[in-house]
Amino acid sequence: MRDKKGTRTRAVAVDALTRRFGDSVSLDTIYCSSPYLDLNIQDQGLVRELVDGVLRNRGKIDFYISSLSNRRLSRIDEVVLWILRVSLYEMESLRIPHYASVHTAVSLCKSVGKTSARGFVNAVLREFQRRPPELPEGNSSKALAIRYSHPRWLVNRYLNRWGFQTTIELLDRNNRLPEPTLWVNPSRIEIPEFRKRLVADGFEVEVVEVVPNCTRVTGRGVTGHALYRDGYCFFMDISSQLVASLVDMTGKRVVGDFCAAPGGKSFLLASQLDADALLVSSDVSRRRLGFMKRRAAQYRIKGVNLVQADLVKGSPFGCSFDFVLVDVPCSGLGTIRSNPDIRWIIRESDLRQYQQRQLEILTSGFVALKRGRCLVYSTCSTEPEENEQVVEEFLGLQKQAELVKGFFRTFPGNEAGDGFFAAQVRRV
Ligand SMILES: C[S@@+](CC[C@H](N)C(=O)[O-])C[C@H]1O[C@@H](n2cnc3c(N)ncnc32)[C@H](O)[C@@H]1O
């Protein structure tokens with residue numbers, strides 16, 4: 001019975017990884033559907049542990065597989081490869097007896113229709129059990145890419161930009177768990193009251209001073225607490241909260257958030273605006289706007305006006321805005337801790353493609369501004385193509401644009417949050 005259950009949980013993890021990489025389905029979507037939702041809470045937790053663990057260790061695990069088998073990775077069946085990766089992660093990192101992991105992996109081959117791979121999987125895992133390969137030493141990008149499980153092109157970029165010491169700190173940091181923070185909706189509850197109620201229920205609550213209404217809550221099951229379930233707060237990375245709070249909203253009458261879904265920054269902006277101000281939250285994706293609408297209702301955020309528009313095609317708005325936020329689509333390479341799949345999804349060549357779109361969206365945001373007003377351009381990327389280079393190219397093209405203050409970055413460094421970039425640009 002236990003054996004069958006163990007095989008099923010691993011099968012769901014392997015299915016999630018296969019769909020993420022084979023069919024480009026997001027992990028959020030996978031975790032909102034069968035077969036994941038058919039598992040009990042404990043097994044769902046194990047699936048996430050296995051999936052995230054494999055993603056954070058994939059470079060190292062692939063090195064093990066290459067060392068232990070005489071087949072090239074590209075010649076191993078995709079599903080069989082994920083079975084091996086999940087099992088090796090389990091054997092190296094979880095407190096599960098090795099023989100049980102090997103046994104489950106072999107059963108799994110059969111249950112997913114890969115019976116002929118049983119001998120191969122068994123041989124690789126038993127060899128790992130007997131003689132785990134030594135990881136390469138030294139400071140070369142190849143060795144770092146394997147030891148810290150990052151694509152080599154990204155390691156090379158870090159090394160070229162920040163040097164060895166900062167690079168290994170970043171690589172190490174990218175493999176740690178994120179430090180989740182909550183945004184507390186001030187129109188529903190004041191922070192002291194929020195804190196008091198959670199502390200009374202056994203949670204530890206740290207108020208994060210650098211940004212308004214931000215807290216760090218420690219304790220099991222905060223998502224089950226009434227204050228969370230009833231929409232008094234939601235998880236939002238501290239750097240993302242910082243970006244939405246960069247500019248004081250006092251006195252701004254018409255405000256735009258032009259890449260708004262799923263809504264986090266719009267909701268923060270809405271909470272800072274004067275009662276009679278207008279907030280226009282726009283996005284190209286109807287689906288994501290629909291989700292944002294449901295979230296706004298859940299959190300009882302008032303005054304969010306949703307408009308569907310493709311800003312790559314230009315701005316459908318007149319130049320009537322006192323402030324605009326353009327939180328553009330990007331590679332997400334600043335969020336590797338929170339999204340461990342990203343490093344294996346993004347290719348270096350994608351950065352230029354993002355850049356072109358980012359420049360167009362920035363232009364659409366800019367032409368919607370009144371003269372003398374500012375916009376904030378932001379990304380959750382660490383890479384210059386999507387950050388400084390977009391803004392510099394834009395400033396070179398737009399004679400009416402000037403940079404206000406320097407660039408804002410939350411990376412590299414010791415900040416708790418993701419790697420964000422922002423620039424304030426004024427229309428003169
Ligand atoms: C980084 S996300 C925005 C996150 C959001 N600001 C928040 O805090 O929740 C980027 C958004 O840009 C939207 N987007 C992508 N291409 C777009 C386009 N051409 N025009 C408008 N929005 C676009 C995506 O649908 C996505 O919702």
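Which residue of β8 is the bridge partner of Val-255? In the predicted model, that partner is Phe-323. The pair belongs to the contact between strand β5 (residues 254-257) and β8, which run in the parallel sense and are joined over three bridges. β8 also pairs with β9, again in the parallel sense, here over six bridges; Phe-321 stands opposite Leu-369 of β9. β8 is mostly covered, with six of its seven residues buried.

These strands are part of an open sheet of seven strands, arranged in the order β7-β6-β5-β8-β9-β11-β10 with mixed pairing. The edges are occupied by β7 (304-308) and β10; each has a single partner strand, so one side of each is left without a neighbour in the sheet. On average, and with direction ignored, neighbouring strands of this sheet are turned by 20° against each other. At the β10 edge, β10 and β11 pair in the antiparallel sense over six bridges, and Leu-403 has Val-425 of β11 as its bridge partner. Helix α13 (residues 286-299) packs on the sheet, where it touches β6 (278-283) and β7. The direction of α13 makes about 170° with that of β7.

Helix α15 (residues 350-367) is a further neighbour of these strands. Its 18 residues should span 26 Å at 1.5 Å a residue, and the end C-alpha atoms are indeed 26 Å apart, which agrees. The buried residues of α15 are Tyr-354, Gln-355, Gln-358, Ile-361, Leu-362, Ser-364, Gly-365 and Phe-366. These buried residues pack against the strands β8 (321-327), β9 (369-379), β10 (401-409) and β11 (421-427), and also against helix α16 (388-397).

A second open sheet is formed by four strands in the order β2-β3-β1-β4, and its pairing is antiparallel. Its edge strands are β2 (204-208) and β4 (233-235), each of which pairs on one side only. Neighbouring strands of this four-stranded sheet are turned by 35° against each other on average, direction ignored. Strand β1 (residues 182-184) pairs with β4 in the antiparallel sense over three bridges, and Leu-182 has Phe-235 in β4 as its bridge partner. Helix α9 (residues 191-200) packs on this sheet and touches β1, β2 and β3 (214-218). The direction of α9 makes about 160° with that of β2.

The remaining elements considered here are helical. Helix α3 (residues 41-68) and helix α6 (residues 118-130) pack at an angle of about 105°, their axes being 10 Å apart. The two helices, α3 and α6, are therefore roughly perpendicular to each other. At this contact, Tyr-64, Ile-65 and Leu-68 of α3 meet Val-124, Glu-127 and Phe-128 of α6.

Helix α5 (residues 98-111) comprises 14 residues and reaches 20 Å from its first C-alpha to its last, close to the 20 Å expected at 1.5 Å a residue. Its buried residues are Ser-101, Val-102, Thr-104, Ala-105, Leu-108 and Cys-109. They cover an arc of only 165° around the axis, which puts them on the same side of α5. α5 is followed by Gly-113, which has a positive phi near 80°.

Key
Residues are numbered from 1 along each chain as its sequence is written. This is a predicted model: local features need pLDDT of at least 70, side-chain atom pairs count only at pLDDT 80 or more; totals for chains, interfaces and linings use all residues. The expected span of a helix is 1.5 Å times one less than its number of residues. A residue is buried if 20 or more other C-beta atoms lie within 10 Å of its own, exposed if 12 or fewer, and partly exposed in between; C-beta atoms are placed from the backbone. The arc is that of the directions from the helix axis to the C-beta atoms. Two strands pair if DSSP finds at least two bridges between them. Axes are lines fitted to C-alpha atoms, for helices over the stretch in contact, and angles run from 0 to 180 degrees between N-to-C directions. Two residues are in contact if their C-beta atoms, placed from the backbone, lie within 7 Å. Angles under 35 degrees count as roughly parallel, over 145 as roughly antiparallel, 65 to 115 as roughly perpendicular and the rest as oblique.
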